[in-house]
Amino acid sequence: MIRTFQNLVRSTDSAVARLYLSLFRERNALNCFLFHSLFRHQADIARDLIDPLDRTTVAHLRQLIEYYLAHGYRFVGPREVLGGLSADRKYAMITFDDGYFNNTLALPVLESLGVPAVFFISSGHVRDGKCFWWDVLYRERRAQGASPRQVYREALGMKYLKTEEIERRLTDRFGPGALRPRTDIDRPFTPDELREFARHPLVQIGNHTAGHAILTNYSGEGVRWQIGRCQDDLQEMTGQRPEAIAYPNGAYNADVLAACDELGIRLGFTIKPHKSPIPVGAGPPAAGDGAANRAAVPGSKHGLLKLGRFVPHAAAPMVAQCRSYRSDVPLYGMLRAGYLQVRRGRISN
């Protein structure tokens with residue numbers, strides 16, 4: 001039933017997007033895209049070593065970038081956004097969350113197409129060489145015969161806990177070695193690998209907290225520690241002190257924004273599926289202000305800390321998704337965000 005509804009919404013979304021783009025000119029804006037793991041091919045997904053999340057392969061990444069290049073988009077990173085984007089063109093940004101070693105598979109695509117990407121790193125996983133908790137849950141529960149939907153529901157219930165509590169529950173349940181990576185598919189970077197990776201001219205490094213902490217589950221002091229420790233770790237490991245953060249699970253509140261201000265974070269990325277109008281962070285320009293003919297400057301700092309991102313996935317044709325993100329009315333993304341909010345609300349009550 002749910003899958004049938006999703007397919008109906010996707011097909012409607014694709015049709016609306018095609019009609020919109022045939023009738024209207026899309027807004028010049030910044031479109032940001034979120035990837036997590038990256039797989040060489042479907043066979044790696046089928047091994048059930050990690051939660052496949054969006055099930056995106058190297059081929060999916062290439063297809064998305066090629067599509068947007070063909071439609072006149074310029075790919076940028078956080079530094080370019082902070083420097084100010086001209087309002088007379090369209091922009092895109094590729095982002096990866098978490099710090100999986102498998103993200104190195106993106107480099108040949110980025111190099112061949114000449115586009116940058118930003119990689120948001122959970123520094124404690126790199127420092128300690130441990131798996132991400134959702135992968136442990138998925139791997140172990142699938143081995144016990146649980147369906148992906150059952151695992152998904154269990155994972156949603158854990159997202160109201162602090163990372164350290166989740167990891168303690170998993171080691172109690174599955175044994176002391178549960179957080180140990182099994183292959184290159186499920187492991188994070190090592191510190192030396194991350195240091196080398198960060199030197200690549202197309203790579204920018206961002207903050208994803210020390211422990212992939214869903215920050216709204218922490219006090220103000222805990223929030224500052226998670227963000228600040230990641231800042232210090234990444235500076236030590238890469239020589240870079242990030243100016244951008246991706247909030248784990250997209251969650252932020254006033255304490256999170258205050259900590260970002262205090263710790264030198266100037267850009268913040270959510271998982272809300274929307275474009276960022278130019279000037280980025282300032283909202284849509286007022287009609288008749290000549291904004292389309294002048295160089296834009298970044299908006300208010302808290303606007304810059306609430307940027308949206310689309311999450312491409314393998315459950316629908318990539319070109320149809322790309323068209324939807326361009327159209328300014330991405331129905332599926334908005335409905336999915338609402339659906340997840342309802343699901344989380346039911347679990348927390």
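Start by selecting Phe-39, which sits in the loop between E1 and helix H2 (42-45). Helices here are DSSP runs of H or I with at least four residues, strands are runs of E with at least two, and both are numbered from the N terminus. Is Phe-39 buried or exposed? At 2% relative accessibility, Phe-39 counts as buried; the cut-offs are under 20% relative accessible area for buried, over 50% for exposed, and partly exposed in between, with a 1.4 Å probe and protein chains only.

Now show what surrounds the ring. Leaving out residues up to four places away in sequence, Phe-39 touches Asp-44, Ile-45, Ile-50, Pro-52, Arg-55, Thr-56, Thr-57, Val-58, Leu-105 and Ile-185, where a contact means heavy atoms within 4.5 Å. Pick out Leu-105 from that list: Phe-39 and Leu-105 are 66 residues apart in sequence, yet their C-alpha atoms are 7.8 Å apart in space.

**A word on the model**

What you have open is a predicted model, so local features need pLDDT of at least 70 and side-chain atom pairs count only at pLDDT 80 or more, while totals for chains, interfaces and linings use all residues. Residues are numbered from 1 along each chain as its sequence is written, and side-chain values use heavy atoms, with hydrogens and water left out.

Colour by pLDDT, the predictor's confidence in each residue from 0 to 100. The protein averages 87, and 81% of the residues score at least 70. Residues 284-299 fall below 50, and this stretch has 26 contacts in the model beyond near neighbours in sequence. Residues 342-349 are also below 50, with twelve such contacts.

**Zoom out**

Switch to a cartoon view. You will find 15 helices and eight strands. Of the 349 residues, 54% are buried. Among contacts between residues at least 6 apart in sequence, 74% join residues at least 24 apart. Turn on the surface next: the protein exposes about 15100 Å², and carbon and sulfur atoms supply 53% of that area, computed by the Shrake-Rupley method with a 1.4 Å probe, where for residues only the protein chains shown count as cover.

**Helix H11**

Select residues 220-238, the 19 residues of helix H11. At 1.5 Å a residue this helix should span 27 Å, and its end C-alpha atoms are 27 Å apart, which agrees; the expected span is 1.5 Å times one less than the number of residues.

Which residues of H11 are buried? They are Gly-220, Gly-222, Val-223, Gln-226, Ile-227, Gly-228, Cys-230, Gln-231, Asp-233, Leu-234, Met-237 and Thr-238. Show their partners too: the buried residues of H11 pack against several elements, including strand E4 (117-121), helix H10 (191-198) and helix H12 (254-262). Just after the helix comes Gly-239, whose phi is positive, near 80°.

**Salt bridges**

The structure holds 22 salt bridges, each a side-chain nitrogen of Lys or Arg within 4 Å of a carboxyl oxygen of Asp or Glu. Select Lys-90 and Glu-26, whose closest N and O atoms are 3.6 Å apart. Lys-90 belongs to strand E3 (residues 90-98) and Glu-26 to the loop between helix H1 (2-23) and strand E1 (29-35), so this pair links parts of the chain 64 residues apart. Lys-90 is buried, at 16% relative accessible area, and Glu-26 is buried as well, at 7%. Add Lys-275 and Arg-326 to the selection, and you have a network of salt bridges that includes Glu-26 and Lys-90.

Move on to Glu-243 and Arg-266, whose side chains meet in a salt bridge at 3.0 Å, N to O. Glu-243 lies in the loop between H11 and E6, and Arg-266 in the loop between H12 and strand E7 (267-269), so the pair ties together parts 23 residues apart in sequence. Glu-243 is partly exposed at 35% relative accessibility, as is Arg-266 at 41%.

**Aromatic rings**

There are 16 aromatic pairs to look for. Rings of Phe, Tyr and Trp (its six-membered ring) pair if their centres lie within 6.5 Å; planes under 30 degrees apart count as stacked, over 60 as edge-to-face and the rest as tilted. Phe-132 and Trp-134 are stacked, with 5.1 Å centre to centre and 20° between the planes, and both are buried.

Tyr-247 and Tyr-252 have ring centres 5.3 Å apart and planes at 35°, so this pair is tilted. Finish by selecting Phe-33, Tyr-67, Tyr-68, Tyr-73, Phe-310 and Tyr-325, which form one aromatic cluster.
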